[in-house]
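Please look over the structure shown below before reading on, and keep it in view while the report goes through a few of its parts.

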Amino acid sequence: MAKFPVVYICVVVGAVLSFAYVNLMSNMNNASKWHSFFEKKPAIRSPNCIFLDLETQQQLGFESVALLPTGSYARKTIGYLYAIARGAKVIYETDDDNRPLDLLRNFILQPQTSGIMFDGEHLFNPYRHFGQPTLWPRGYPLNAIGDNVSYNYILQTWKSPSIQQGLVNGDPDMDAIFRLTRKKTLTMLNVTFDMRAPPGVVPAGVFSPFNSQNTLFLYDALWALLIPTTTTFRVCDIWRGYWAQRLLWEMGGTLGFLPPNAFQKRNSHSYLDDAVQEKDLYFETTRLLLFLKQWNCHPKATFFTCVLTLSQDMANNNFWKQADVLLTETWLRDLKMVGYREPERVQAKYQNGSFCPPKGYSDRQTVVEFWPVEQKLPIAHTTKDTYDSKWNHVRSISSFCSETSLKLPKYALHQTSSTYSNILLIIVFNFAHYENVKLLEIIYSMHFPQRLYCGPGLSNFRDVTRPLKTHVTFIEVDIGKGYFGYACMMKAMSMNYHVDGYLHVADDTLMNVWNLNSLPVDRIWVSSLLELLRTSGKSTNWVWRNSEFGKKAYLSSMSEFKQVDKSRYNAFKQTLNANTKLSDGFYHQPSDIVYIPTRLKEHFIFINRIFVRHRLFLEMAFPTFIAGVEYINKLVFLKGKYLWYDGSRKYAEKRFNKDVHFLHPVKIKQVLNATNGVKFFCEIYLPLTLPGVKI
């Protein structure tokens, strides 16, 4: 994240508070009178905070001031103009009952970002995306709350969202209908959203309500800060948001939603009064969105002309009044006067009558079906916690093992389980053996809330897993029979989950989850063979070294690496040579279970993107990357057993050791079909996944 000195621009008119990041080192292209004015004003100052009283506001010289009613929420507009005139490149707005939790570090300030863009139609519900599928934000069309929704996304590298809203835990922004029907009258809400989920980007052609309570605007969207004055207080920022979204499409911009990074302790409201003020949200939102989707701006018009035209057309259709058209015109003049650069127009593209989503920065798009971790529901008049993952886990085991003599001790439900919510578990299928997902979910679901499956054929995955009661995230990646399985971790990292690390596990690796809790999440985990399998230009009997995916692919990868980033390449080779004790050495080893901490995420994506292009074999890509970014003595070596290809893998239950970290390979279908296979899972392995159980 870029570093900006922080200046809090406080416009207190009816206890309204706004904040702004200001780049004080920027070259302000403003009139000289502004420089001289800011040397003297405002009179009231405190560290990192500037207070603009009414008298000071009148002296700023903005035309918009005269059009903003005293005591109106819209007077925040003056604070925005003041910040822009001072050289603000990024502005963050909030309210006095919101508290940021992460010093705003998770907002995206760089020009490009990788991530997932919603691939559904019409509407995007950010509360569903972050694990509350039965909730809806204020301003979401009521007639659409019960609609079937898409969980389809596209993973790409995109232009960073011009407007970004972080979700808010605690008592977030929901309408009066929710509060009157689903909230206890005298009890504060304590809603939580999935804090680990990746950001979601909303494309052109899709709408989502956003408010003014925890929202960041990049420079090319500072024009969108204007708050209308002729709507009610409960409508103004929502109408502003829909107006801004439609105009974003004209400049190639998007709206993004980020995991919760603030907490709201809501000021006291009368819910019935709120409902009266929200009437247009209930009965006019659908009409507004239909109007906006059908609206067009003249192809030859400038962007600011489109802004003014849409404002006038909204007045003509009675969404706000003519006074807001005049305010828009004055606001645009004030922006130009303080030196704000008008965005360039990028005409929205259509296909078959619908808007085309923006193109990413590469031709390859990855299809993702994303499901967040569902959170506890804030249900009115409920005293019992209805969310019990341990009990669901026990029921799943009991159902799977119904024909065995399995006996689960009751005390297991009262013990603390090993849960790794800070790790994304990536289960990779070399082939589409998706019938194994049922057992894999029983094994891992309670321990890894954040799970992701990866392999070929999303439609096949859906067909096989549809009967499951739980929904799981899936990335469709052609990994070439597993040869390039590390691409799954690379893609998962590119989604930007908010986790401490990424754990790659092959679908035929049986992981002993109860033995992982002592492993440090800031270090790399690998199987203990890494020290033994180094090689160089000399011939070896390892078949993959001499294949097209071996040394040849490695050398061409290194050639591109050196050409693209020589400094990073030199550092990589220095570490690799120190580890191998060879000038041309590299590693190969089984790579069916590997953990990479998030601190190395950017390195992993960069280097392995090159490896994938040159089709380097997985068992060279993983260990060579690791040995090029970390010294051997800093690695964590996992204890495990490889059964290899002597036929003994059919008898995995005989080789199982509960005190190690993994067993590979365990061909689940073969084991289950074996005489004692189900018995092994039900009477030996699965009970160990329960807390407090000792076998």
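The report that follows takes up a helix, a sheet and the cavities in turn.

The model is predicted, and a useful place to begin is helix α13, which covers residues 437–444. Seven of its eight residues are buried, so the helix is largely enclosed by the rest of the structure. Among these buried residues are Leu 439 and Leu 440, and also Glu 441 and Tyr 444.

Elsewhere, three strands form an open sheet with mixed pairing, in the order β22-β29-β28. The edge strands, each of which pairs on one side only, are β22 and β28. Strand β22 runs antiparallel to β29, and two bridges join them; in one of the pairings, Leu 510 has Leu 663 of β29 as its bridge partner. The residue ranges of the three strands are set out here.

| Strand | Residues |
|---|---|
| β22 | 510–511 |
| β28 | 640–642 |
| β29 | 662–664 |

Turning to empty space, the structure holds five cavities of 30 Å³ or more, and the largest cavity contains about 150 Å³ of space. This largest cavity is lined by 18 residues, of which Tyr 127, Gln 165, Gly 166, Asp 173 and Asn 211 are the closest to its centre. Helix α4 (126–129) and the strands β10 (163–170) and β14 (255–264) are the elements that give two or more residues to this lining, and β10 provides the largest share, with four residues. By residue class, the lining of the largest cavity divides into ten nonpolar, six polar and two charged residues.

Notes
Residues numbered from 1 in each chain as written. Predicted model: local features only at pLDDT ≥ 70, side-chain atom pairs only at ≥ 80, totals over all residues. Heavy atoms only, no water. Buried < 20%, exposed > 50% of the residue type's maximum accessible area, 1.4 Å probe, protein only. Pairing = 2+ DSSP bridges. 1 Å grid on protein atoms, 1.4 Å probe; cavity = no way out; pocket = protein on both sides within 12 Å on 5 of 7 lines; lining within 4 Å. Points joined across faces, edges and corners; volume = space filled by probe spheres on them. Nonpolar A, V, L, I, M, F, W, Y, C, P; charged D, E, K, R; others polar.
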